[in-house]
Amino acid sequence: ATCSTVITVEDNEDPVIGCPSNVNANTDLGFCTAIVFFTDALAFDNCGIASVLQTAGLPSGSPFPVGVNTIEYTATDIHGNTAVCSFTITVTDNEPAMTICQDITIQLDANGDATIVAADVDGGSTDNCGIAGIAIDIDTFDCSNVGSNNVTLEVTDVNGNVSTCIAVVTVEDV
């Protein structure tokens, strides 16, 4: 007597995938991005790998913006099982603004007073990611300030970096 049996072998085991480690980078000098290179994810499977593809994020060698950037890879085995891994590229702006001061001369008014704003002593300050604000430590003058006065210009960029310079404000009583 004989009999026959159908045995179906299935591959239900997902592949094993490994991503590169998280990356921390500073912005490239003069830019609000960092060019970052990384290796592709690696995968193996008991029956064989069909593909390992980057499925999210910018490709290696791209200019990554300030902040946390997530890169994701998906591995698919020859039977359609998949596994996903991800890692982050964190770009930090540590570059302070280029603060440029300009000296100015002002005259007291008929009441013996004068007022300036930060833009009056800013000589064209710039930043790789943008300037959030400018401020000065002295903005009002009177008769006691006739002559040269050192005014500190403080420039804060959009990522919180602060830089300063000194402008000379010459006060005249005319």
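**Exercise 1. Which residues is aspartate 77 in contact with, leaving aside its neighbours within four places in sequence?**

Solution. The model is a predicted one.

Step 1. Place the residue: aspartate 77 belongs to strand β7.

Step 2. List the contacts. Beyond the neighbours within four places in sequence, aspartate 77 is in contact with Asp11, Glu13, Pro15, Asp45, Gly48, Ile49 and Ala50.

Step 3. Assess the burial. The relative accessibility of aspartate 77 is 2%, and buried means under 20%, so this residue counts as buried.

Step 4. Examine the side chain. It reaches the backbone nitrogen of glycine 80 at 3.0 Å.

**Exercise 2. Describe the surroundings of isoleucine 49 and the sheet that contains its strand.**

Solution.

Step 1. Isoleucine 49 is found in strand β5, which covers residues 49–56. With a relative accessible area of 30%, isoleucine 49 is partly exposed.

Step 2. Residues up to four places away in sequence are not counted here; isoleucine 49 then touches Pro15, Ala43, Phe44, Thr76, Asp77 and Ile78.

Step 3. The order β2-β8-β7-β5 describes an open sheet of four strands, whose pairing is mixed. Strands β2 (23–26) and β5 are at its edges; each has a single partner strand, so one side of each lacks a neighbour in the sheet. On average, neighbouring strands of this sheet are turned by 20 degrees against each other, direction ignored.

Step 4. The pairing of β5 with β7 (residues 67–77) is antiparallel and extends over six bridges. Within it, leucine 53 stands opposite threonine 74 of β7.

**Exercise 3. Trace the pairing of strand β13 within its sheet.**

Solution.

Step 1. An open sheet with mixed pairing consists of four strands in the order β9-β14-β13-β11. Its edge strands, β9 (104–107) and β11 (131–136), each pair on one side only. From one strand to the next, the twist averages 30 degrees.

Step 2. Toward β11, strand β13 (residues 147–157) runs antiparallel, joined by five bridges. Alanine 135 has glutamate 154 of β13 as its bridge partner, and isoleucine 136 has leucine 153.

Step 3. Toward β14 (residues 162–172), the strands again run antiparallel, and 10 bridges join them. Asparagine 149 has valine 169 of β14 as its bridge partner.

Step 4. Strands β13 and β14 form a hairpin with four residues between them, and glycine 160 in the turn has a positive phi of about 90 degrees.

**Exercise 4. Identify the disulfides and derive their connectivity.**

Solution.

Step 1. The count is three disulfides.

Step 2. Cysteine 19 and cysteine 85 are joined, with sulfur atoms 2.0 Å apart; the link is right-handed, with 75 degrees about the S-S bond. Cysteine 19 lies in the loop between β1 (16–18) and β2, whereas cysteine 85 is in strand β8 (residues 82–92), 66 residues apart.

Step 3. Cysteine 32 is joined to cysteine 129, S to S 2.0 Å. The torsion about this S-S bond is about 105 degrees, so the disulfide is right-handed. The pair links the loop between β2 and β3 (33–36) to the loop between α1 (118–121) and β11, 97 residues apart.

Step 4. The sulfur atoms of cysteine 101 and cysteine 165 are 1.9 Å apart, and this link is right-handed, with 90 degrees about the S-S bond. Cysteine 101 is in the loop between β8 and β9 and cysteine 165 in strand β14, so the pair ties together parts 64 residues apart in sequence.

Step 5. Counting bonded cysteines along the chain gives the pattern 1-3, 2-5, 4-6.

Key. Residues are numbered from 1 along each chain as its sequence is written. This is a predicted model: local features need pLDDT of at least 70, side-chain atom pairs count only at pLDDT 80 or more; totals for chains, interfaces and linings use all residues. Side-chain values use heavy atoms; hydrogens and water are left out. Helices (H or I, at least four residues) and strands (E, at least two) are DSSP runs, numbered from the N terminus. Buried means under 20% relative accessible area, exposed over 50%, partly exposed in between (1.4 Å probe, protein chains only). Contact means heavy atoms within 4.5 Å. Two strands pair if DSSP finds at least two bridges between them. Axes are lines fitted to C-alpha atoms, for helices over the stretch in contact, and angles run from 0 to 180 degrees between N-to-C directions. A polar contact is a pair of N or O atoms within 3.5 Å; within protein, one must be able to donate a hydrogen and the other to accept it, and residues adjacent in sequence count only if both atoms are side-chain atoms. A disulfide is a pair of cysteine sulfur atoms within 2.5 Å.
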